[in-house]
Amino acid sequence: MDLFDYMRQENGKKESPLASRMRPTSLDEVVGQQHIIGKDKLLYRAIMADKISSIIFYGPPGTGKTTLAKVIANTTSAEFTSINATAAGKKDMEQVVENAKNMRGMYGKKTILFIDEIHRFNKGQQDYLLPFVEDGTVILIGATTENPYFEVNGALLSRSIIFELKPLSQEDIKTLIRRALTDSAKGLGSYGAVIDDDALDFLSDMANGDARSALTAIELGVLTTEPSADGKIHITLSVASECIQRRVVKYDKSGDNHYDTISAFIKSMRGSDPDAAIYYLARMLYAGEDVKFIARRIMICAAEDVGNADPQALQVAVAAAQAVERIGMPESQIILAEATNYVACAPKSNASYLSIDAAMHMVASGQTPPIPVHLQDSHYKSAGKLGHGIGYQYAHDFKNHYVAQQYLPDALAGARFYEPTDMGYEKQIRDHLEKIRREAE
């Protein structure tokens with residue numbers, strides 16, 4: 001490295017974005033991800049012992065994939081080189097492999113190759129790396145926001161350990177923001193900036209687990225806000241909302257607004273008003289409500305308020321719940337909107353809810369008379385001697401696969417719990433029950 005390269009590198013450090021400057025250089029500085037870098041975890045031990053094998057970091061943006069690679073670069077005795085799959089081609093990889101062979105042959109030194117956005121490499125580019133990972137010419141560290149089981153060569157996966165990084169918690173984000181505001185060497189400490197508690201809560205919430213997003217916002221706030229009369233730069237809630245380009249919505253996830261909004265959302269679906277339901281969905285999503293919580297409420301509404309008037313509604317809701325867990329935001333808003341619209345527009349019946357509610361009350365009140373003998377299990381030893389199962393009529397032996405016989409206990413004979421309505425598909429259920437009951441008379 002000549003003098004000009006050195007100066008460019010040093011100037012780059014000073015002028016690079018805050019998120020880059022604040023990137024940890026050691027494991028002790030890393031915030032979050034304790035499920036993989038806790039002191040009793042495999043990755044922590046491997047990094048500290050400088051015994052890294054090929055690994056792939058998988059997780060949402062801003063969760064520390066590149067950070068962990070940089071930490072490894074700072075702690076390993078191996079040669080460390082990095083490329084970005086969005087810009088690198090086969091020639092770049094050939095050069096890395098050639099250098100790795102030389103380092104191994106001349107100095108007995110290993111080479112760690114970090115590939116950011118590894119999912120951007122096509123199959124041929126990934127296949128090229130395989131033999132060199134196989135024989136240890138390079139130790140691969142890949143980083144990807146996409147599911148590696150779908151986007152990365154299966155052969156590479158089988159030779160790598162996959163570590164999934166989780167979105168940072170709100171407390172983790174707060175720690176990073178505070179650190180950036182007080183660090184004079186790499187952060188914004190020299191500006192004398194302070195942040196209000198509600199602004200800190202808002203930024204850490206709106207960052208949605210993305211450290212880069214939070215640090216970018218706080219840097220913008222400090223650099224564009226004039227000092228107050230006390231000489232300090234005050235990051236207020238208003239400043240914070242401008243910096244992250246999100247308006248403050250009055251919505252406390254643990255307070256009245258949370259319950260009021262989800263209540264209005266459910267009642268709008270129940271009332272068959274898709275426009276109102278979508279509006280309340282948008283309010284919740286904008287405020288950062290947990291998409292899994294919303295999905296659970298849609299499933300409940302599909303079962304309780306739609307029921308057998310459209311049994312497909314519950315299937316749609318369940319599929320949506322599974323999909324949002326796999327996909328995440330922002331795309332999950334489309335999935336939730338589809339399920340919300342379906343449930344809101346579906347014909348409604350709460351007959352199933354009423355049936356189990358009535359039955360549960362009856363059982364809770366102590367009405368649990370003996371099960372009729374002909375319905376009792378006759379398969380276990382000595383059951384026949386007790387008369388269990390005697391007199392039972394097998395429904396499939398009769399016309400329409402139905403025979404009139406008593407299924408409820410004697411004391412409850414004739415009780416009705418499920419009363420199908422004439423709404424949607426449930427009308428077919430009601431008509432079918434009435435038909436087979438008439439024909440059996």
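UniProt positions are given here in the numbering of this chain, and such annotations may be inferred rather than shown by experiment. Keep that in mind for point 2. The model is predicted.

1. **Overall build.** The chain holds 20 helices and 7 strands. Its radius of gyration is 31 Å, well over the 22 Å that the globule rule gives for 441 residues, so the chain is more spread out than a compact globule. The box filled by the C-alpha atoms, taken along the principal axes, is roughly 100 × 65 × 35 Å. Of the 441 residues, 41% count as buried. Now take the contacts between residues at least 6 apart in sequence: 72% of them join residues at least 24 apart.

2. **The annotated domain.** An unreviewed UniProt entry carries the annotation "domain: AAA+ ATPase" for residues 51–168. Over that stretch the chain is 42% helix and 22% strand. The C-alpha atoms at the two ends of the stretch are 26 Å apart.

3. **Helices H6 and H7.** Two packed helices are described by the angle between their axes and the distance between the axes. For H6 (residues 90–107) and H7 (residues 123–134), the axes come within 10 Å and cross at roughly 5°. Angles under 35 degrees count as roughly parallel, and H6 and H7 are therefore roughly parallel to each other. On the H6 side, the contact uses Lys90, Met93, Glu94, Val97 and Lys101. On the H7 side, it uses Gln125, Tyr128, Leu129 and Phe132. By class, this contact has 5 nonpolar, 1 polar and 3 charged residues.

4. **Helices H17 and H18.** Which way do H17 and H18 run relative to each other, roughly parallel or roughly antiparallel? The axes of H17 (residues 312–327) and H18 (residues 332–345) come within 9 Å and cross at roughly 170°. That makes H17 roughly antiparallel to H18. H17 brings Gln312, Ala313, Val316, Ala320, Ala323, Val324 and Ile327 to the contact. H18 meets them with Ser332, Ile335, Leu336, Ala339, Tyr342 and Val343. These residues divide into 11 nonpolar, 2 polar and no charged.

5. **Reading the contact lists.** The spacing of the names in such lists is worth a look. An α-helix has 3.6 residues a turn, so residues three or four places apart point the same way. Try this on the H6 list, which includes Met93, Val97 and Lys101. Then try it on the H17 list, which includes Val316, Ala320 and Val324.

6. **Helix H11 and its neighbours.** H11 spans residues 197–206, and its buried residues are Ala199, Leu200, Phe202, Leu203, Ser204 and Met206. What do they pack against? Four helices are on the list: H10 (170–182), H12 (211–224), H13 (237–243) and H15 (274–286). Strands E6 (193–195) and E7 (233–235) are on it too.

7. **After H11.** Asparagine 208 follows H11 and has a positive phi, near 55°. Its C-alpha atom is separated by 10.0 Å from that of glutamate 289, 81 residues apart along the chain. Glutamate 289 is in the loop between H15 and helix H16 (291–306). Is glutamate 289 buried or exposed? With a relative accessible area of 8%, glutamate 289 is buried; the cut-off for buried is under 20%.

8. **Two more positive phi values.** Most residues other than glycine have a negative phi. Aspartate 50 has a positive one, near 55°. It sits in the loop between helix H4 (42–48) and strand E1 (55–58). At 25% relative accessibility, aspartate 50 counts as partly exposed. Glutamate 117 also has a positive phi, near 55°. Its place is the loop between strand E3 (111–116) and H7. Glutamate 117 is partly exposed, with a relative accessible area of 22%.

9. **Links across the sequence.** Glutamine 34 lies in helix H3 (residues 34–37). At 45% relative accessibility, glutamine 34 counts as partly exposed. The C-alpha atoms of glutamine 34 and leucine 165 are separated by 9.5 Å, with these positions 131 residues apart along the chain. Threonine 66 is in helix H5 (residues 65–75). At 14% relative accessibility, threonine 66 counts as buried. Leaving aside residues up to four places away in sequence, threonine 66 touches Arg23, Phe114 and Asp116.

Definitions and conventions:
Residues numbered from 1 in each chain as written. Predicted model: local features only at pLDDT ≥ 70, side-chain atom pairs only at ≥ 80, totals over all residues. Heavy atoms only, no water. Axes fitted to C-alpha atoms, helices over the stretch in contact; angles between N-to-C directions. Parallel < 35°, antiparallel > 145°, perpendicular 65-115°, else oblique. Contact = heavy atoms within 4.5 Å. Nonpolar A, V, L, I, M, F, W, Y, C, P; charged D, E, K, R; others polar. Rg over C-alpha atoms; globule rule 2.2 N^0.38 Å. Buried < 20%, exposed > 50% of the residue type's maximum accessible area, 1.4 Å probe, protein only.
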